[in-house]
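Visitor: I'd love a close look at one part of this structure, rather than a tour of everything. Could you take me to the sheet and show me what packs around it?

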Amino acid sequence: EEIEAALHCLDYVSEAAVLHANTGGLSRIVAVIAATQDFDNEKIRGDLKQIVPSYMVPSVFHRENMLPKNPSGKVDRRQLAEKYIRNGAS
């Protein structure tokens, strides 16, 4: 939640979800972002490092136009995990 809160502090991020992946004994943080303008991974990493410690900066960023929602209107993390973690996308 702290990483998501930091992402929402960035003026070019409209929505964000952070997922934790544990693949082959390696742990990584994956962020899925809907943005209001283009950004590159280096820019967002640099901006996040101003807010959170380096170890909390996601190793992978994925961009979506809008994050999927479940019937209650919350971000559908299960759908994001299936797309970006379980299928091995990175």
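Guide: Gladly; what follows starts with the strands, moves to the helices on them, and ends in a loop beside them. Please keep in mind that this is a predicted model.

Let's begin with the sheet itself. Three strands form an open sheet in the order 1-2-3, and the pairing is mixed. Strand 1 and strand 3 are the edge strands, each with a single partner, so one side of each has no neighbour in the sheet. On average, neighbouring strands are turned by 25° against each other, direction ignored.

The two pairings can be taken in turn. Strand 1 and strand 2 run antiparallel, with 10 bridges between them. One of the residue pairs here is His20 with its bridge partner Ile29 in strand 2. These two strands form a hairpin with two residues between them, and Gly24 in the turn has a positive phi of about 60°. On the other side of the pairing scheme, strand 2 and strand 3 pair in the parallel sense over four bridges. There, Val30 stands opposite Val60 in strand 3.

Now for the helices. Helix 1 packs on the sheet and touches strand 1 and strand 2, its direction making about 150° with that of strand 1. Helix 2 packs on the sheet too, touching strand 1, strand 2 and strand 3, with its direction at about 120° to that of strand 3.

Which residues of helix 1 are buried? They are Ile3, Glu4, Ala6 and Leu7. These residues lie on the same side of helix 1, because they cover an arc of only 160° around its axis. Their packing partners are strand 1, strand 2, helix 2 and helix 3. The face of helix 1 turned away from this buried side carries the exposed residues Glu2 and Cys9.

Helix 2 can be read in the same manner. Its buried residues are Ile44, Arg45 and Leu48. They span an arc of only 100° around the axis, and therefore sit on the same side of helix 2. The cover over these buried residues includes helix 1, strand 1, strand 2 and strand 3. At the N-terminal end of helix 2, Asp40 acts as a cap: one of its side-chain oxygens lies 3.2 Å from the backbone nitrogen of Glu42.

With the strands and helices in place, we can turn to the nonpolar residues. In soluble globular proteins, nonpolar side chains tend to be buried together. The largest nonpolar core here has 19 residues, and the members touching the most others are Leu7, Leu10, Val13, Ile33, Ile44, Leu48 and Phe61. Helix 1, strand 1, strand 2 and helix 2 are the elements that give two or more residues to this core. Strand 2 provides its largest share, four residues. Take Leu10 as a worked example: leaving out residues up to four places away in sequence, Leu10 touches Ile44, Asp47, Leu48 and Ile51. Apart from the largest core lies another one, of 10 residues, among them Ala17, Ala21, Val30 and Ile85.

Finally, let's visit the loop between strand 3 and helix 3, where Glu64 has its place. Is Glu64 buried or exposed? With a relative accessibility of 15%, Glu64 counts as buried, because the cut-off is under 20%. Its side chain makes a polar contact of 2.7 Å with the side chain of Lys83. A polar contact of 2.3 Å also joins the side chains of Glu64 and Tyr84. Beyond four places in sequence, the residues that Glu64 touches are Val32, Ile33, Ala34, Ala35, Lys83 and Tyr84.

Leu67 lies in this loop between strand 3 and helix 3 as well. Its relative accessibility is 3%, and Leu67 therefore counts as buried. Setting aside neighbours within four places in sequence, Leu67 contacts Glu15, Ala16, Ala17, Val32, Ile33, Ala34 and Val75. Leu67 and Arg77 are 10 residues apart in sequence, and their C-alpha atoms are 9.1 Å apart in space.

Conventions
Residues are numbered from 1 along each chain as its sequence is written. This is a predicted model: local features need pLDDT of at least 70, side-chain atom pairs count only at pLDDT 80 or more; totals for chains, interfaces and linings use all residues. Side-chain values use heavy atoms; hydrogens and water are left out. A nonpolar core is a set of buried Ala, Val, Leu, Ile, Met, Phe, Trp, Tyr and Cys residues joined through side-chain atoms within 4.5 Å. Buried means under 20% relative accessible area, exposed over 50%, partly exposed in between (1.4 Å probe, protein chains only). Contact means heavy atoms within 4.5 Å. The arc is that of the directions from the helix axis to the C-beta atoms. A polar contact is a pair of N or O atoms within 3.5 Å; within protein, one must be able to donate a hydrogen and the other to accept it, and residues adjacent in sequence count only if both atoms are side-chain atoms. Two strands pair if DSSP finds at least two bridges between them. Axes are lines fitted to C-alpha atoms, for helices over the stretch in contact, and angles run from 0 to 180 degrees between N-to-C directions.
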